[in-house]
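Hi,

Here is the structure I said I would pass on. Have a look at it first, and then read on for what turned up in it.

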Amino acid sequence: MTDTGAHTEDVPGGSTGDGGGRPRRRRRWLVAIAGIVIVVAVVVGVTGPFGDSNPAKTGVSDNAYPTSVTTVTQGPLASQLNASGTLEYTTSDGSGSSVVNLAAGTFSKLPSAGEVFSRGQVLYRVSNDPVILFYGTTPMYRSLSEGDTGPDVRELNANLVALEYATSVELDANSDYFSYETAYALELLQYRLGEDETGSLTEGKAVFLPGQARIASVSATLGTNASPGAPIMQVTSTSRQVVVDLDASEQTEVNVGDQVQVTLPDGNNTPGVVSGIGTVATSGSSGATLPLYITLDHANAAGTLDQAPVTVEITTAAVKHALIVPIDALLALSGGDYAVETINRQGIHQLVAVTLGAFDDADGTVQVTGALRARERIVVPNL
């Protein structure tokens, strides 16, 4: 069941969520309900809504306004939150990464946007010398040779073992020491690349990135001077996710693990899951927002789309055995409470106080708790 702006209300009377951002359908429902309070005041007259000894039910006379009759149902009900997002390639931290050149010379080979590079491949060349891709989170900041120690050495050892220039018996992939075995494995790599077999790794000869890299854009130009320390390209991971600017007031309604339906630009739907929620809010014209990250269950369903607008429907709450009434059946009472009007077999109308639960705006229904039973007849105003 789908529609915009579905929410879960956990307190009597619910909440309209008036905290900025895009308009929400819930507000239109509750505004419409609030308009009925005048009618209710006429119905209950001087005695007030719950003037008898039973605060849950009060008999009222038949009403002059046009109505129809429906019944209370029982069954599953789900709340959804709808939003717009962007399908894009990202890195693990939710943003693109800059590749900073550390080699001196002239750019003699550069990649093209959209190309994908894996560990051990030549990412670009400076004065025809290769700059290779290694996996790791510590950027290269020095030349490495036998006897050095540190996290950058540990990453170098792990890459050399992963590329099978040494076995795990010959070289400990978790070691942070640049050993003779490290130097020998590096010589084998240099031989394959056609480089001088020095057994050392000169600063600028490698780039460390978190994983497989997809080229998003290249700012450097062939034949120009390669200035050490200058960003030359933007890369992303090869996986994609949907990024949503979530209204900060809706943050508590969404949790990591919530199921999502993503509608692609061609109208096809594909499932996903909320994989992360940002913690730093950004202020904009529509109010404060937080980044929400959604991972697709089937990445291939998105084809080759990048920076594509999508819509998402997040299931924020699900109730298996809910008492369900139409939202139109709710009557707003003074003090922010709600009631529904029941009709018994003798045609007597009663107001029954209810507490609101999950909303399904797509079906125009809401979960209620109170002195109601499944299949009990209730009044629905003809709005």
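**A lysine with two partners**

Let me start with Lys-205, which is partly exposed, at a relative accessible area of 24%. Keep in mind throughout that this is a predicted model.

Lys-205 forms a salt bridge with Asp-129, and the closest N and O atoms of the two are 3.6 Å apart. This pair ties together distant parts of the chain: Asp-129 sits in strand β8 (residues 129–135), Lys-205 sits in the loop between α4 and β9, and 76 residues separate them. Asp-129 is partly exposed too, with 34% relative accessibility.

Which other residue does Lys-205 form a salt bridge with? That would be Glu-195, with 3.2 Å between the closest N and O atoms. Here both residues belong to the loop between α4 and β9, 10 residues apart. Because the salt bridges share partners, Asp-129, Glu-195 and Lys-205 are joined into one network.

**Another salt bridge**

The structure has five salt bridges in total. One of them pairs Arg-142 with Asp-152, and their closest N and O atoms are 2.8 Å apart. Arg-142 is in the loop between β8 and α3 (151–162), while Asp-152 is in helix α3, 10 residues away in the chain.

Is each partner buried or partly exposed? Arg-142 counts as partly exposed, at 22% relative accessibility, whereas Asp-152 is buried, with a relative accessible area of 4%. The cut-off for buried is under 20%, so Arg-142 falls outside that class and Asp-152 falls inside it.

**The chain as a whole**

Stepping back, the protein chain has four helices and 23 strands. It runs to 383 residues, and 45% of them are buried. What share of the contacts between residues at least 6 apart in sequence joins residues at least 24 apart? The figure is 68%. As for the outside, the protein chain exposes about 18300 Å², and carbon and sulfur atoms account for 51% of that area.

**A patch and a pocket**

On the surface you will find a nonpolar patch made by Tyr-180, Tyr-184 and Leu-188, which together have about 330 Å² of accessible area. Tyr-184 belongs to helix α4 (residues 180–193). Why can Tyr-184 be part of a patch? Its relative accessible area is 45%, which is partly exposed, and patch residues need over 30%, so Tyr-184 meets that cut-off.

The largest pocket holds about 270 Å³ of space. It is lined by 17 residues, and those closest to its centre are Ser-98, Pro-139, Met-140, Val-207 and Phe-208. If you want to find the pocket by its elements, go to β4 (97–101) and β9 (206–209), the ones that give two or more residues to the lining.

**Around Thr-295**

Another place to click on is Thr-295, in strand β17 (residues 287–296). Thr-295 is partly exposed, with a relative accessible area of 31%. Which residues is Thr-295 in contact with, once its neighbours within four places in sequence are left aside? They are Gln-241, Gly-272, Val-273 and Ser-275. You can also check Val-260: it is 35 residues from Thr-295 in sequence, and the C-alpha to C-alpha distance between the two is 9.1 Å.

**Two residues with positive phi**

Finally, have a look at two backbone angles. Glu-164 has a positive phi of about 65°, although it is not a glycine. You will find Glu-164 in the loop between α3 and α4. Glu-164 is exposed, with a relative accessible area of 70%.

Gln-307 also has a positive phi without being a glycine, with a value near 55°. Gln-307 lies in the loop between β17 and β18 (308–326). With a relative accessible area of 52%, Gln-307 counts as exposed. The cut-off for exposed is over 50%, so Gln-307 passes it.

That's the tour. Shout if you'd like to go through any part of it together.

Cheers

Key: Residues are numbered from 1 along each chain as its sequence is written. This is a predicted model: local features need pLDDT of at least 70, side-chain atom pairs count only at pLDDT 80 or more; totals for chains, interfaces and linings use all residues. Side-chain values use heavy atoms; hydrogens and water are left out. Buried means under 20% relative accessible area, exposed over 50%, partly exposed in between (1.4 Å probe, protein chains only). Contact means heavy atoms within 4.5 Å. Accessible areas come from the Shrake-Rupley method with a 1.4 Å probe; for residues, only the protein chains shown count as cover. Patches are made of residues with over 30% relative accessible area and no salt bridge: like charges are joined within 9 Å, nonpolar side chains (Val, Leu, Ile, Met, Phe, Trp, Tyr) within 5 Å. A salt bridge is a side-chain nitrogen of Lys or Arg within 4 Å of a carboxyl oxygen of Asp or Glu. On a 1 Å grid over the protein atoms alone, a cavity is a set of points where a 1.4 Å probe fits but cannot get out, and a pocket is an open set with protein on both sides within 12 Å along at least five of seven lines; lining residues have an atom within 4 Å of a point. Grid points are joined across faces, edges and corners, and a volume is the space filled by probe spheres set on the points.
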